[in-house]
Every structure is written in C-alpha cells, then in structure tokens.
Amino acid sequence: MELPDFMSYANKFSQTEFVEKISRIAKRAGAKLVYAALILFYTLQSDKISTKDKAVIIGALGYMISPLDVVPDAIPIVGLTDDLAVLLYVLKMVWTDVDPDVKQRARQKLCQWFDEDEMDEIDNLFS
C-alpha cells in the first residue's frame, strides 16, 4: 500500500478533534492504532522533539482525523488500515526520540478503553 501525502492533512489536526475521534473509534480501531496515535499525540506535546518531527506528527494525526482517507473509515475491518499504516510509519520515524514517560502515559490512557487481553496487541507495535 502506498502512503498518502499525509502532510497535506496537517491543517486538519486539532487537539479537540483528536480527543473526540480517538474516544469515538477506540474500540473499533483496536489497541494498536489507538496506542500509536496516543504516543504521537503525547510526543507532539514534548519539548524534546524537533519542529520538523512535530510537523510530520501533526500531518499524520490530521490524516487520522480527516474524513477523507485513501480507505474510508466507514468500511468495516479495512477502513482504518490506512490510518494505522500512516501512524506506524511516522512513529517509526520518531521512535528513538519518544520518551519512555510518553509510552507509559499512552499505555495508562489505553487501559481506560481496553482490557488486558486487548492490550496484548501493543507488545508488537511494529509487526
């Protein structure tokens, strides 16, 4: 699958819309997508990440929020695969700069929406 130009979605990102969408789609999206999105969201708030990386993260989160996707979110099962691909691509780009506290904060938030069995899928985030 070819990734879209997610930087064109940077203007779609807002903190309010991110929180609203992630809350609405959490169960349907699965723990892996939500965990990746939360890590990027919390990393965006860090002062330890470059402006360039913040711009890329904003583009990826904007793509996730946007109703205009390569694969529309409304399509059952496959509708969120493009969102996951974009989030994981960007997360791999910034992974070495992600603070362990950010990962823990994302994991704690994830526990509010998922049970322990569902949380197992985040152990292999990039596979």
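What percentage of the 127 residues in the protein chain do buried residues make up? Keep that in mind as you turn the model, which is a predicted one. Buried residues account for 48% of the chain.

**Stop one: the whole chain.** Start with a cartoon view and color by secondary structure. You will find 6 helices and 0 strands, so to speak a run of α-α-α-α-α-α when read along the sequence. Now switch on the surface. The protein chain exposes about 6,800 Å², and 53% of that area is supplied by carbon and sulfur atoms.

**Stop two: contacts across the sequence.** Color the chain from N to C terminus and look at who touches whom. Taking contacts between residues at least 6 apart in sequence, 74% join residues at least 24 apart.

**Stop three: α1 and α3.** Select residues 15-29 for helix α1 and residues 51-65 for helix α3. Their axes lie 10 Å apart, and the two helices pack at an angle of about 50°. That angle makes α1 oblique to α3, because it falls neither under 35 degrees nor within the range of 65 to 115. Viewed as a crossing, α1 passes α3 in the left-handed sense.

**Stop four: the side chains in between.** Keep both helices selected and show sticks. On α1, pick Glu17, Phe18, Lys21 and Ile22; on α3, pick Leu61, Met64 and Ile65. These residues make the contact of the two helices. How do the residues of the contact of α1 with α3 divide into nonpolar, polar and charged? There are 5 nonpolar residues, no polar ones and 2 charged ones. The charged pair is Glu17 and Lys21, both on α1.

How values were computed
Residues numbered from 1 in each chain as written. Predicted model: local features only at pLDDT ≥ 70, side-chain atom pairs only at ≥ 80, totals over all residues. Heavy atoms only, no water. Helix = DSSP H or I, 4+ residues; strand = E, 2+ residues; numbered from the N terminus. Buried < 20%, exposed > 50% of the residue type's maximum accessible area, 1.4 Å probe, protein only. Contact = heavy atoms within 4.5 Å. Areas by Shrake-Rupley, 256 points an atom, 1.4 Å probe, with all protein chains shown as cover. Axes fitted to C-alpha atoms, helices over the stretch in contact; angles between N-to-C directions. Parallel < 35°, antiparallel > 145°, perpendicular 65-115°, else oblique. Left-handed = near helix turned anticlockwise from the far one by under 90°.
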